[in-house]
Amino acid sequence: MIYVECFMLIMVTCFVSMSLGDIGDVAEAPMIGHDSNGLDTSWYDARATFYGDVHGVGTQQGACGYGDLFKQGYGLETAALSTALFNNGYTCGACYEIMCTRAPQWCWPGSIKITATNFCPPDYTKTRDIWCNPPQKHFDLSQPMFLKIAKYRAGVVPVRYRRIPCAKAGGVKFELKGNPYFLIVLPYNVGGAGDIKYVQVKGTRTGWITMSKNWGQNWTTGVVLTGQGLSLRITTSDGITKDFINVVPPSWGFGQTFDGKFNF
Ligand SMILES: *[C@@H]1O[C@H](CO)[C@@H](O)[C@H](O)[C@H]1NC(C)=O
């Protein structure tokens, strides 16, 4: 029995050091915590790299469906998430605090706060430096955010991260896209938990219609709603629901954005 346990311990130790090389282990026990609304704010381990240039060129648009991140209020404080964190786009809009850890030669002290605005896709053609492949938790930060926590030359660093409530200025915004037969609503600048699990829309002549999530945060319905004023009902991942009543006037058009006036 004791022999078996010892053997297993050696196996595990070997495996961890083999697979993680010299950038530190990612198996520290999380520090458990919850904010008052039930968001899991425990610290976990991951890694971080960067993409795009110093001005955030290369980080715009992306798999969440957001557009000009500066106009939409996200700025440079953004990251692309690996499959393990992206959750098929349900995590888009979530906010994280991230600090570089366990690499004293590469890390700066302090932490950054970012919003998830993109997806870091897996690459199954490479056999090394495949940080975004499942099951690894990985943040591909905008370059300016990476440089606040680590040196450029590090390339990749071990980090600790936790979910934090999103502090957003102004109301939730709703961008309407698509065509008369396929309405797309993109909610952005979402405070509180920040990530959305459920969206409903109501025309002045309809009841509440449940929208389905496409890739990212594009929520859609095939119900024709042109010419009707619209209300939106948003539920964030922590279970909080808010109704944005008549935020869209009947004269709305595709490509327009409307202000929900308040936030989570
Ligand atoms: C969201 O919808 C817009 C408008 O159709 C489209 O251009 C964009 O590619 C979509 N984004 C995602 C991530 O699905």
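**View 1. Trp252 is a buried residue.** In this predicted model, 20 other C-beta atoms lie within 10 Å of that of Trp252. A residue is called buried if it has 20 or more such neighbours, so Trp252 qualifies. Trp252 sits in the loop between strand 14 (241-248) and strand 15. Setting aside neighbours within four places in sequence, Trp252 is in contact with Leu176 and Leu230. Leu225 is 27 residues from Trp252 in sequence. In space, their C-alpha atoms are 9.9 Å apart.

**View 2. Gly38 is an exposed loop residue.** Where is Gly38 placed? Gly38 belongs to the loop between helix 1 (2-20) and strand 1 (44-51). Gly38 has 12 C-beta neighbours inside 10 Å. The exposed class covers residues with 12 or fewer, so Gly38 falls in it. Leaving out neighbours within four places in sequence, Gly38 is in contact with Asp238 and Gly239. Now look for Ala193. Gly38 and Ala193 are 155 residues apart in sequence. Yet their C-alpha atoms are 9.2 Å apart in space.

**View 3. Residues surround the ligand.** Which residues are they? The shell consists of Ala63, Gly65, Lys177, Gly178, Ile184, Asn214, Trp215, Gly216 and Asn218. Three of the shell residues are nonpolar, five are polar and one is charged. Ile184, one of the residues around the ligand, appears again in View 5.

**View 4. Strand 3 pairs with strand 4 and with strand 6.** Strand 3 covers residues 95-100, and strand 4 covers residues 112-119. These two run antiparallel and are joined by four bridges. Find Tyr96: its bridge partner in strand 4 is Ile114. Strand 6 covers residues 157-164. Six bridges link strand 3 to strand 6, again in the antiparallel sense. Here, Met99 has Arg160 of strand 6 as its bridge partner.

**View 5. Five strands make an open sheet.** Their order is 11-12-8-7-15, and the pairing is antiparallel. Which strands lie at the edges? They are strand 11 (212-213) and strand 15 (257-259), each of which pairs on one side only. Strand 15 also bounds the loop that holds Trp252. Within the sheet, strand 8 (residues 182-188) pairs with strand 12 (residues 219-221). Three bridges connect the two in the antiparallel sense. Ile184 has Thr220 of strand 12 as its bridge partner. Ile184 is also among the residues around the ligand.

Technical notes. Residues numbered from 1 in each chain as written. Predicted model: local features only at pLDDT ≥ 70, side-chain atom pairs only at ≥ 80, totals over all residues. Contact = placed C-beta atoms within 7 Å. Near = placed C-beta within 6 Å. Nonpolar A, V, L, I, M, F, W, Y, C, P; charged D, E, K, R; others polar. Pairing = 2+ DSSP bridges.
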